[in-house]
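Hello,

Here is the structure I promised to pass on to you. Please have a look at it first, and then read on for what I found.

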2 protein chains.
Amino acid sequence: MLQLRDLPSTEVLKKFAQRYPQADISAISTFLHLLRVATDLSVALDACLSKHGLLQGRWWVLILLMREEALHSTPSALAEKAGVTRATMTGLIDGLERDGLVERVFDSGDRRRVLIRLTAAGQSKLDTVMPDYYSRLRECMAALKEPQRKTLCAMLDLINNGIPAFGRTE
Amino acid sequence: MLQLRDLPSTEVLKKFAQRYPQADISAISTFLHLLRVATDLSVALDACLSKHGLLQGRWWVLILLMREEALHSTPSALAEKAGVTRATMTGLIDGLERDGLVERVFDSGDRRRVLIRLTAAGQSKLDTVMPDYYSRLRECMAALKEPQRKTLCAMLDLINNGIPAFGRTE
DNA sequence: ACATTATAATTAGCTAGCTAATTATGTCAA
DNA sequence: TTGACATAATTAGCTAGCTAATTATAATGT
């Protein structure tokens, strides 16, 4: 996501703003700050998961399956919910099946479909990973109390509403 | 970064919290909210840059070069600042050189080193991209006024300080 | 002077994303 | 009932990251 380590100082931003008067210095630095912290969080999460032999993509698949009443779903539904293409989901399921965490069950009603089922090993993997993830996350967010969390979410929503500005065609 | 589209509802989180008592429901949803908005911002930025034939990695290299007084730097310094490995930087420079936006100049003093220089075409590419990026970003962040931006950054710093919790060996 | 160690850039081969094309199966209307 | 279209999953081949190994050059200690 935001790889850049060397975020621009105010001086650098001022220099750029001279050449490009559209620049809103505080908007830029707030934006970069947000991306920087979110990226570092994501990297930290990956590091935590990889100690358990997982990465975000595969971990989310297991969680999505555990959310299901009957612990199964289809590749296309999983792809939709996980926000990846079906092609990517095929690859994620391949890896999880290889490790025995999910299994493919062929649907006799509609032979195009495959059901993906969380195995006992998959459930037990989650029972190891989730307490670790939850307790680390609790600690990470501890400095932010409830009202601050609400404020943060409200500000994130304001920014979120502005995202279409990046896509306007004009 | 956070691909997941189907963020957990409070009901789902409560169900998970029954099995995993470490879960702090508001911490989890705030965390996911932050990652979701940041990811969508990053995707929107990529979409904006790709209209100009760039992606974040290559774009940051051009910006880092433009920050330099003499418009040049070395692959290893660029890799450090851009937060990618030298191997990745080699690839980014290859692409930029192919498009004529930067050039490699061999250093006669230390023959291990190569200088990467922003070309006129590279500068002119930035002169097209930056005003577009800056004006879209200004608009995207417009709903957040100065004091809110400061508050947001302060909260991001609190979260940032908690990130080591994800890495503790315990 | 020369062996060792450090540094700079690159190459090779890996991963998890992507799009586009392919294969198989269902659905529906003339 | 069959031709056209829709849907499900997969495969093939692309990209931008990564690590580890390689090549070349420089610096240093004995």
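Let me start with the sheet in chain A, bearing in mind that this is a predicted model. Strand S1(A) and strand S3 (residues 114-118) of chain A pair in the antiparallel sense, over 2 bridges. In this part of the sheet, His72(A) faces Arg117(A), a residue of S3(A). The sheet as a whole is open and has 3 strands, in the order S1-S3-S2, with antiparallel pairing. Strand S1 (72-73) and strand S2 (102-106) of chain A are the edge strands; each has a single partner strand, so one side of each has no neighbour in the sheet.

Next, the two protein chains. Chain A superposes on chain B by a rotation of 180° with 0.0 Å of shift along the axis, at an RMSD of 0.0 Å. The two copies are thus related as by a two-fold rotation axis.

How many residues of each chain take part in the contact between A and B? There are 66 residues of chain A in contact with 66 residues of chain B. On the chain A side, helix H2 (25-50), helix H3 (56-67), H4, helix H6 (120-140), helix H7 (146-162) and helix H8 (164-167) each give at least two residues. H2(A) makes the largest contribution to that side, with 18 residues. Sorted by class, the side of chain A that touches chain B holds 39 nonpolar, 16 polar and 11 charged residues. Of the interface residues of chain A, 100% are interface residues in chain B too, so the copies meet through the same surface.

Now to the DNA. Around strand C there are 24 residues, of which Gly57(A), Ala87(A), Thr88(A), Ser76(B) and Ala87(B) come nearest. H3 and H5 of chain A, along with helix H4 (75-82) and H5 of chain B, each provide at least two residues of the surface near strand C. That surface is made up of 8 nonpolar, 9 polar and 7 charged residues.

For DNA strand D, 24 residues lie around it as well, and the nearest are Ser76(A), Ala87(A), Gly57(B), Ala87(B) and Thr88(B). Here the elements giving two or more residues are helix H4 (75-82) and helix H5 (86-98) of chain A, together with helix H3 (56-67) and helix H5 (86-98) of chain B. The surface near strand D divides into 8 nonpolar, 9 polar and 7 charged residues.

Enjoy exploring it, and best wishes!

Methods
Residues are numbered from 1 along each chain as its sequence is written. Chains are lettered from A and ligands numbered from 1 in the order in which they are written. This is a predicted model: local features need pLDDT of at least 70, side-chain atom pairs count only at pLDDT 80 or more; totals for chains, interfaces and linings use all residues. A residue is near a molecule or strand if its C-beta atom, placed from the backbone, lies within 6 Å of it. Helices (H or I, at least four residues) and strands (E, at least two) are DSSP runs, numbered from the N terminus. Ala, Val, Leu, Ile, Met, Phe, Trp, Tyr, Cys and Pro count as nonpolar, Asp, Glu, Lys and Arg as charged, and the others, Gly among them, as polar. Two residues are in contact if their C-beta atoms, placed from the backbone, lie within 7 Å. Copies are superposed by least squares on the C-alpha atoms of residues with pLDDT of at least 70 in both. Two strands pair if DSSP finds at least two bridges between them.
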